[in-house]
Amino acid sequence: MRHDLSIRASGARELMDDPDADLGMLERTYERFRLVNALVSGTGRLYRRDIRPRARRGPIRILDIGAGGGDVCRMIAVRLRREGLRAEITALDADERAVGWAVAHDEGSGVQYRHALSTDLLSEGTRYDVVFSNHLLHHLSDAELQGVLSDSVGLVGEGGLVVHRDIARSRVAYALYDAVTWVFARTFLRGSFIREDGLISIRRSYTRGELSAAAPAGWVVRFRLPSRLELRRDGAIAR
Ligand SMILES: C[S@@+](CC[C@H](N)C(=O)[O-])C[C@H]1O[C@@H](n2cnc3c(N)ncnc32)[C@H](O)[C@@H]1O
């Protein structure tokens, strides 16, 4: 089916968000996120540019909102440990199925997993040096997006960084993802939601202009190759 990618498909629902989704397929999806993220999410760049310089000044606190299976947090934990740097990493997700899977597959990374919303953490009073997300923004309704952005600002102390990273919607991104995942649909991706949900995710994602318009003043949107967006707020001041 051809989709009109000039308009954000905010009404399309990802299969993994269905509370009645097949648990086996959902778990394979969390498992496959690891490779997808290793290939497309730019965690190395996040680590080198935003996390490592802060961790070199002393132990830091990091929060991942919508961490899913938690693999991005574990990748960061491994890199920090390898370089002898210290951080307390919290992986937060609103879906207890994701948190349960992440806990069961952690293998001693030291990451703390929480089934909660960013609002819950805000009221607990802990402040973080880096708050980030990966592939979360397109999941959110307009009201949820504003809530998560506002909470993110409140969750970082003065001088902290918020960086929400997501897909940039484009015909090229859709066509590329469609072609690559079609090749692996009957093998590596079989029995997971990666192909279908990825295509829905691209349709639900923002363009740079849309995300800039949706974000309140003080946020900056950057485009990154191959087709990614970063919504950043540096040195955010707690409310
Ligand atoms: C596409 S997954 C991305 C998971 C992970 N960040 C990754 O890159 O592999 C989006 C995740 O966001 C979670 N989520 C959606 N809305 C949320 C919210 N308001 N607060 C926290 N997590 C949320 C979902 O449960 C889901 O696990």
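**Reading a predicted model, feature by feature**

Guide: Glu-107 is exposed, with a relative accessible area of 80%. The model under discussion is a predicted one.

Visitor: How is such a percentage turned into a word, and where in the fold does Glu-107 lie?

Guide: A residue over 50% is called exposed and one under 20% buried, so Glu-107 at 80% belongs to the exposed class. Its place is the loop between helix 4 (96–104) and strand 3 (112–115).

Visitor: What is to be noted about the phi of Glu-107?

Guide: Most residues other than glycine have a negative phi. Glu-107 has a positive value, near 55°. His-135, another residue that is not glycine, has a positive phi near 60°. The loop that holds His-135 runs between strand 4 (128–134) and helix 6.

Visitor: Which peptide bond is cis, and what is its omega?

Guide: The general expectation is that most peptide bonds are trans. Here the bond that joins Leu-225 and Pro-226 is cis, with omega at about 5°. Pro-226 sits in the loop connecting strand 6 (220–224) and strand 7 (228–236).

Visitor: Let us turn to pockets. How much space lies in the second largest pocket, and which residues are closest to its centre?

Guide: Rolling a probe the size of a water molecule over the atoms shows where empty space is left. The second largest pocket holds about 390 Å³ of space. It is lined by 15 residues, and those closest to its centre are Arg-34, Arg-74, His-105, Asp-106 and Glu-107. Two elements, helix 1 (23–40) and helix 3 (71–82), each give two or more residues to the lining. The largest share, 5 residues, comes from helix 3.

Visitor: How many residues of each class make up that lining?

Guide: The lining contains 7 charged, 4 polar and 4 nonpolar residues.

Visitor: Which residues are closest to the ligand?

Guide: Of the 14 residues that surround the ligand, the closest are Asn-37, Gly-66, Asp-93, Asn-134 and His-139. Three of these names reappear when individual atom pairs are examined. A polar backbone atom of Gly-66 lies 2.7 Å from a nitrogen atom of the ligand. The side chain of Asp-93 places an N or O atom 2.6 Å from a ligand oxygen, and an N or O atom in the side chain of Asn-134 is 2.7 Å from an oxygen atom of the ligand.

Visitor: Is Ser-152 buried or exposed?

Guide: The cut-off for buried is under 20%, and Ser-152 therefore counts as buried, because its relative accessible area is 0%. Ser-152 belongs to helix 6 (residues 142–155).

Visitor: What does the side chain of Ser-152 make a polar contact with, and which residues does Ser-152 touch?

Guide: The polar contact, at 2.9 Å, is with the side chain of His-164. Leaving out residues up to four places away in sequence, Ser-152 touches Ile-65, Val-131, Val-162, His-164 and Trp-219.

Visitor: Where is Leu-15 found, and with which residues is it in contact?

Guide: Leu-15 is in the segment before helix 1. Its relative accessible area of 31% falls between the two cut-offs, 20% and 50%, so Leu-15 is described as partly exposed. Apart from neighbours within four places in sequence, Leu-15 is in contact with Ala-21, Phe-193, Glu-196 and Asp-197.

Visitor: How far apart are Leu-15 and Gly-147 in sequence and in space?

Guide: They are 132 residues apart in sequence, and their C-alpha atoms are 23 Å apart in space.

Conventions:
Residues are numbered from 1 along each chain as its sequence is written. This is a predicted model: local features need pLDDT of at least 70, side-chain atom pairs count only at pLDDT 80 or more; totals for chains, interfaces and linings use all residues. Side-chain values use heavy atoms; hydrogens and water are left out. On a 1 Å grid over the protein atoms alone, a cavity is a set of points where a 1.4 Å probe fits but cannot get out, and a pocket is an open set with protein on both sides within 12 Å along at least five of seven lines; lining residues have an atom within 4 Å of a point. Grid points are joined across faces, edges and corners, and a volume is the space filled by probe spheres set on the points. Helices (H or I, at least four residues) and strands (E, at least two) are DSSP runs, numbered from the N terminus. Ala, Val, Leu, Ile, Met, Phe, Trp, Tyr, Cys and Pro count as nonpolar, Asp, Glu, Lys and Arg as charged, and the others, Gly among them, as polar. Buried means under 20% relative accessible area, exposed over 50%, partly exposed in between (1.4 Å probe, protein chains only). Contact means heavy atoms within 4.5 Å. A residue is near a molecule or strand if one of its heavy atoms lies within 4 Å of it. A polar contact is a pair of N or O atoms within 3.5 Å; within protein, one must be able to donate a hydrogen and the other to accept it, and residues adjacent in sequence count only if both atoms are side-chain atoms.
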